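I opened my notebook for a look at the ligand site and one residue I was curious about. Here are my entries, in the order I made them.

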Amino acid sequence: MLRNTHKVPRKLNRLLDQVNALNKHYHKLSDSQLKDESRQLQQKARQGRFHADSILPKAYALVRETDRRVLSLYPFDEQVLGGIVLNQGSLSEMKTGEGKTLTETMPVYLNALSGRGVHVVTVNNYLSHRDATYIGQVFKFLGLTVGYNAPDLSFEAKKQAYAADITYSTNSELAFDYLKDNMAYSRSQQLQRGLNYAIIDEADSILIDEARTPLIISGAGKSYAQIYQMADRFVKTLAKDDYHADLETKTVTLLDSGINKANEFFGIHNLFSRDNLVLAHYVSNALKANYTMHCDVDYVIKGGDAYLVDQFTGRVMTDRRFANGLHQAIEAKESLTIHAMSHTDASITYQNYFRMYGKIAGMTGTAHENARELYETYHMQVIQIPTHKPNQRHDYSTQIYATIAAKDQAVLALVKKLNKRGQPVLVGTTSVEASERLADLFAKNWIKAQVLNAKNNQAEAKVIAKAGQKYAVTIATNMAGRGTDIKLGPGVKELGGLFVIGTAMHEAKRIDNQLRGRAGRQGDPGASQFFVSLQDDLILRYGSEHLHTFSTKYQNKHIKTPLKGRLLHRLVSNAQAKIEGKNYDQRRSTLHLDNVLRLERNIVYQQRQKIIDGHADMEKVIRAMIARTIEDKVNQFTAPKKTWNLQQLDEFINDDLNISFPDVKADKPATMLPLKNYLLKQSMAKVGQIKQELSTQKQYEEFERVVLLKSIDREWRQNMDNMEQLKLSVFLRGYGQHNPLVEYQNLAQGMYKDMQRSIDERVARNVLNAEIRQAGVKQG
Ligand code: ADP
């Protein structure tokens with residue numbers, strides 16, 4: 001069986017010994033001697049004279065000494081070990097406060113020596129900026145360049161950040177830049193220069209929690225109101241036995257009679273053929289809107305607009321819309337104005353973005369719960385680094401209450417008790433709403449709390465840094481103040497250190513542990529306790545029937561004391577396990593679907609890049625595209641067994657190929673070959689003519705480049721939109737006889753071929769219809 005989490009292997013400990021053997025040597029060197037050593041290493045690495053790993057001990061010992069001189073911090077052996085693990089492309093699990101920021105100095109330096117670029121990935125821009133500035137001093141001392149990349153920078157500043165040996169950035173900014181680079185028209189519009197090595201801080205948040213939904217660049221879409229309305233009209237004609245609606249999962253599948261009715265209604269052969277994908281998607285949404293969604297339950301209508309209602313809490317959510325056309329289907333159902341849906345210009349999952357790097361590594365306090373997934377998805381092993389000093393945090397067992405009100409009172413009582421003695425307390429919540437509710441409750445009881453909701457990372461970092469002072473009460477959502485160290489104020493150790501209170505379970509046990517990890521850093525004393533109520537969102541959503549019976553019983557009895565019982569505790573943990581499983585499935589499914597797109601994306605992006613970099617023989621490519629188009633189209637319009645469509649053939653020759661008078665008539669099979677040859681000859685002559693007219697080679701190449709890139713982009717966008725529709729429509733037909741993923745793969749393949757054909761056609765049309773004027777080129 002695959003071992004999921006690993007202790008530090010012996011080989012790594014030997015490397016640590018080698019680093020330690022060099023400490024004295026570097027300690028004796030002057031600043032300029034250290035810089036000299038660094039320059040030599042850099043030179044050799046840039047000439048490719050050695051592999052990074054072979055100079056690891058030297059490089060690490062050199063950085064360690066520099067850390068001491070520049071930052072006045074000397075990496076502990078545990079940190080060196082953590083750094084060795086990072087160089088291997090594994091995940092270092094190091095507890096909060098163990099000094100991950102200092103740990104990264106060593107592998108970042110070593111891998112930056114080659115000049116091929118190291119990306120240090122953080123969860124927010126504030127942290128990127130902080131680390132680039134603070135830790136960056138070390139790298140600058142050693143002669144390397146450091147850049148900071150963020151969304152609010154100018155293109156030039158971003159470009160400079162990417163050109164540096166080391167680039168600090170958030171994950172989303174990196175992935176967006178990657179996608180945008182692949183929409184660019186020339187090298188000068190592109191930012192990145194290859195994906196060499198990435199070190200991901202808070203790796204579990206980025207690689208797991210954020211990996212559930214793909215990153216999307218979207219553009220404004222067309223409204224398609226009529227199709228929504230037509231699909232709506234159709235599904236309203238159905239009888240109960242034409243479809244099957246599963247109310248729990250909100251999926252509707254059409255049964256045979258329903259499929260027949262659809263074919264008849266829309267005048268088509270088969271709703272599920274590739275040609276009708278888009279239509280199938282509209283029908284799917286209309287079915288869902290009409291037969292699983294209920295007004296005033298799933299959504300409400302206010303002022304002519306539909307708004308989502310959260311299924312479990314009953315709250316109206318004004319800032320969110322149902323995705324993928326369902327909202328529009330509801331608008332059609334209720335005869336409201338149908339709002340346009342945005343469409344996808346480019347998309348990628350974090351999984352597939354990070355898998356493109358030559359090497360990735362990560363650090364986090366909590367990873368072993370997801371070790372298997374990290375291995376399966378990213379081929380990263382989780383290696384647990386021992387803490388520098390033994391952990392002294394005391395984790396009290398979780399208390400369960402019948403109601404939120406009872407739970408809040410228990411939290412208040414504990415906070416009061418701690419606050420009276422002056423012991424600092426950090427209260428973690430799972431939502432902004434809960435933070436505010438508790439802050440109100442505390443205020444009514446004369447306890448002043450600082451509330452952090454991850455709205456302003458920089459300001460909040462300052463507040464959270466003080467959460468370890470005497471009498472401090474801080475309420476924070478999970479992401480607030482991440483990556484900021486909570487140091488204990490004078491006299492706080494004696495009081496027992498920081499006390500962390502969790503006020504609800506998070507969507508993963510791992511995230512609960514992140515919160516606990518805020519206390520008891522670096523061998524400090526500390527404590528943690530979780531409070532859960534049977535009315536918490538997570539329990540309402542994912543608790544079993546059995547648990548809900550318990551809830552009703554206890555709530556009816558108005559019990560305010562903590563609920564006891566092993567079974568109850570188990571049912572509560574099961575609810576958390578259920579959402580963990582669900583999120584895992586969603587990540588897998590997102591990944592599997594994106595994997596299909598990934599192969600295509602890679603090919604298309606490579607084609608584009610070759611054109612941009614001038615590595616493609618564009619004239620040859622264009623001539624081949626025209627030839628294929630002629631071959632395909634003529635065959636298509638003169639397919640045997642069917643009646644020849646001479647009118648369409650004529651249109652194709654006239655309008656698309658821009659060839660006015662074929663002297664070969666197509667009216668019997670024997671005339672096919674001469675016709676094709678004639679068209680080929682004429683169009684190739686036209687290409688030659690354009691080339692001559694755009695006499696300088698540069699002008700001609702520019703023309704080719706623009707035609708190719710524009711055509712590829714247009715069709716690729718269309719393809720992505722189709723894939724999006726396909727994704728939804730393969731799930732329309734229920735699971736019974738087929739596997740949606742397999743079907744998705746198969747149909748996607750066909751769509752990809754269609755796309756290639758459309759690119760050929762579009763290029764042929766644009767080239768052959770180009771009007772060359774003195775000033776330049778106008779595309780037809
Ligand atoms: P983590 O990200 O692992 O939670 P940080 O990088 O925020 O930890 O560091 C926690 C604290 O420990 C910081 O205040 C840092 O200055 C300090 N620290 C880290 N490494 C050392 C070291 N080797 N010696 C002394 N202090 C250190």
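How many nonpolar, polar and charged residues does the shell around the ligand have? I found 5 nonpolar, 6 polar and 6 charged residues. Here Ala, Val, Leu, Ile, Met, Phe, Trp, Tyr, Cys and Pro count as nonpolar, Asp, Glu, Lys and Arg as charged, and the others, Gly among them, as polar.

A note on the source: this is a predicted model, where local features need pLDDT of at least 70, side-chain atom pairs need pLDDT 80 or more, and totals for chains, interfaces and linings use all residues. Numbering runs from 1 along each chain as its sequence is written, and side-chain values use heavy atoms, with hydrogens and water left out.

Next I looked up who sits around the ligand (a heavy atom within 4 Å). Of the 17 residues there, Y74, Q79, G97, T101 and D485 come nearest. Helix 5 (residues 100-112) gives the most to this shell, with 3 residues; helices are DSSP runs of H or I, at least four residues, numbered from the N terminus.

Then I checked polar contacts (N or O pairs within 3.5 Å). One ligand nitrogen atom lies 2.8 Å from a polar backbone atom of Y74. I also found a ligand nitrogen atom 2.9 Å from a side-chain N or O atom of Q79. A ligand oxygen atom is 3.1 Å from a polar backbone atom of G99. The protein covers 80% of the 560 Å² of accessible area that the ligand has on its own (Shrake-Rupley method, 1.4 Å probe).

My last stop was Q42, in helix 2 (residues 31-46). Is Q42 buried or exposed? Q42 is buried, with a relative accessible area of 13%; buried means under 20%, counting protein chains only.

Conventions. A polar contact is a pair of N or O atoms within 3.5 Å; within protein, one must be able to donate a hydrogen and the other to accept it, and residues adjacent in sequence count only if both atoms are side-chain atoms. Helices (H or I, at least four residues) and strands (E, at least two) are DSSP runs, numbered from the N terminus. Buried means under 20% relative accessible area, exposed over 50%, partly exposed in between (1.4 Å probe, protein chains only).
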